[in-house]
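The following exercises concern a single protein chain and are to be worked with the sequence and the coordinates at hand. Each task is followed by a stepwise solution.

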Amino acid sequence: MKKQIVIAALFLGAIALGTNHALAQNSDQVSTSVNIILADVIAMDVGTVASEGTVDFNYGSTKDYNSSKNVTVPNSLVIISSKNFDVKVKSEGANFVSGANVLPVDILQVKALAGGSLMGTLNEVTLSTTDQVLVSNASPGAKQSLNIAYSISAEKASKVLLGKPKGTYTQKITYTATAL
C-alpha cells in the first residue's frame, strides 16, 4: 500500500508539473520588429504638361509686334518631393533657332504663378542658359502643380523680333527640381 501511495503521489506530482509547464507555454511572448524605410524622393510627374509640350507665340500682324504677348500654361509642372525643394529653369541654347536665323533667348520671361497647389517663393526670370530659380523653398508634398506664364514684352517684340526673317524659332527649356 505504501508503494501505491508513492506511485499515486508521483503521478499527481507529474500531472501538477505538466500542467504548470503547459500554462507557462500559453503565456510565452515573442516580438517582431517592423521597419518602415523611407528614402528621399523628388520627381516630376509623367503627366506634367511641360514634358515635351509646346508653347507658341504667333506674330502675324503689326498689332502683335506692338503689344506684349503672354501664354499661361496651367499645371505646367506636377512635382512630388519628400523634402523642400527649388525649381530651376534654363534654356538648352543661347538662341531660338530657325534654320540659320536666331533670336536671343533673353526675349522670353518665365514666371511661376499662384493658383497651383505648389507652395514656395514664386519668381519671374529672364530666360538664359544658366539655371535660375523659378520657385524657391517649395514645400514637400505629392502631386503639387505649378502654373507657368511665358511672356514677350512689346518692347522686345518691336526691337528684337520685328525685321527678322519669317519662320518658327525654337529652343528647348529645361526645368529641374532639386531637393534642399
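**Exercise 1. Salt bridges**

Lys-159 and Glu-155 join their side chains in a salt bridge, with N and O 3.3 Å apart. Task: establish where in the fold this pair lies, and classify Lys-159 as buried or exposed.

Solution. The model under study is a predicted one.
- Step 1. Both Lys-159 and Glu-155 belong to helix H3 (residues 154-161).
- Step 2. Their spacing is four residues, about one turn of the helix.
- Step 3. Lys-159 has 63% relative accessibility. The cut-off for an exposed residue is over 50%, so Lys-159 counts as exposed.

Task: state how many salt bridges the structure holds, and describe the pair formed by Lys-83 and Asp-40.

Solution.
- Step 1. The structure has three salt bridges.
- Step 2. In one of them, the side chains of Lys-83 and Asp-40 meet at 3.5 Å, N to O.
- Step 3. Lys-83 is in the loop between strand E2 (69-81) and strand E3 (85-91), and Asp-40 is in the loop between H1 and E1, so this pair ties together parts that are 43 residues apart in sequence.
- Step 4. The relative accessible area of Lys-83 is 33%, which makes this residue partly exposed. Asp-40, at 56% relative accessibility, counts as exposed.

Task: give the distance between the closest N and O atoms of Lys-69 and Asp-64, and decide whether Asp-64 is buried or exposed.

Solution.
- Step 1. The closest N and O atoms of this salt bridge are 3.2 Å apart.
- Step 2. Asp-64 has a relative accessible area of 16%. Buried means under 20%, so Asp-64 is buried.

**Exercise 2. A hairpin and its faces**

Task: determine in which sense E4 and E5 pair, and sort the residues of E4 by face.

Solution.
- Step 1. Strand E4 (residues 95-98) and strand E5 (residues 101-104) are antiparallel, with four bridges between them.
- Step 2. One bridge partnership links Asn-95 to Pro-104 in E5.
- Step 3. In a regular strand, side chains alternate between the two faces of the sheet.
- Step 4. In E4, Phe-96 and Ser-98 make up the covered face, whereas Asn-95 and Val-97 make up the uncovered one.
- Step 5. Two residues lie between the strands of this hairpin, and Gly-99 adopts a positive phi near 65°.

**Exercise 3. A nonpolar surface patch**

Task: name the residues that make the nonpolar surface patch, and locate Val-34.

Solution.
- Step 1. Val-34, Ile-36 and Leu-38 make the patch, which covers about 420 Å².
- Step 2. Val-34 sits in the loop between helix H1 (2-26) and strand E1 (42-44).
- Step 3. Because its relative accessibility is 71%, Val-34 counts as exposed.

**Exercise 4. The whole chain**

Task: summarise the fold, its surface and the confidence of the prediction.

Solution.
- Step 1. The protein contains three helices and 11 strands, arranged along the sequence as α-β-α-β-β-β-β-β-β-β-β-β-α-β.
- Step 2. Of its 180 residues, 26% count as buried. The exposed area is about 11700 Å², of which carbon and sulfur atoms supply 56%.
- Step 3. Among contacts between residues at least 6 apart in sequence, 76% join residues at least 24 apart.
- Step 4. The average pLDDT is 86, and 82% of the residues score at least 70. Confidence is lowest in H1, with a mean of 52, and highest in strand E8 (residues 124-126), at 98.

Conventions
Residues are numbered from 1 along each chain as its sequence is written. This is a predicted model: local features need pLDDT of at least 70, side-chain atom pairs count only at pLDDT 80 or more; totals for chains, interfaces and linings use all residues. Side-chain values use heavy atoms; hydrogens and water are left out. Patches are made of residues with over 30% relative accessible area and no salt bridge: like charges are joined within 9 Å, nonpolar side chains (Val, Leu, Ile, Met, Phe, Trp, Tyr) within 5 Å. Accessible areas come from the Shrake-Rupley method with a 1.4 Å probe; for residues, only the protein chains shown count as cover. A salt bridge is a side-chain nitrogen of Lys or Arg within 4 Å of a carboxyl oxygen of Asp or Glu. Buried means under 20% relative accessible area, exposed over 50%, partly exposed in between (1.4 Å probe, protein chains only). Two strands pair if DSSP finds at least two bridges between them. pLDDT is the predictor's confidence in each residue, from 0 to 100. Contact means heavy atoms within 4.5 Å.
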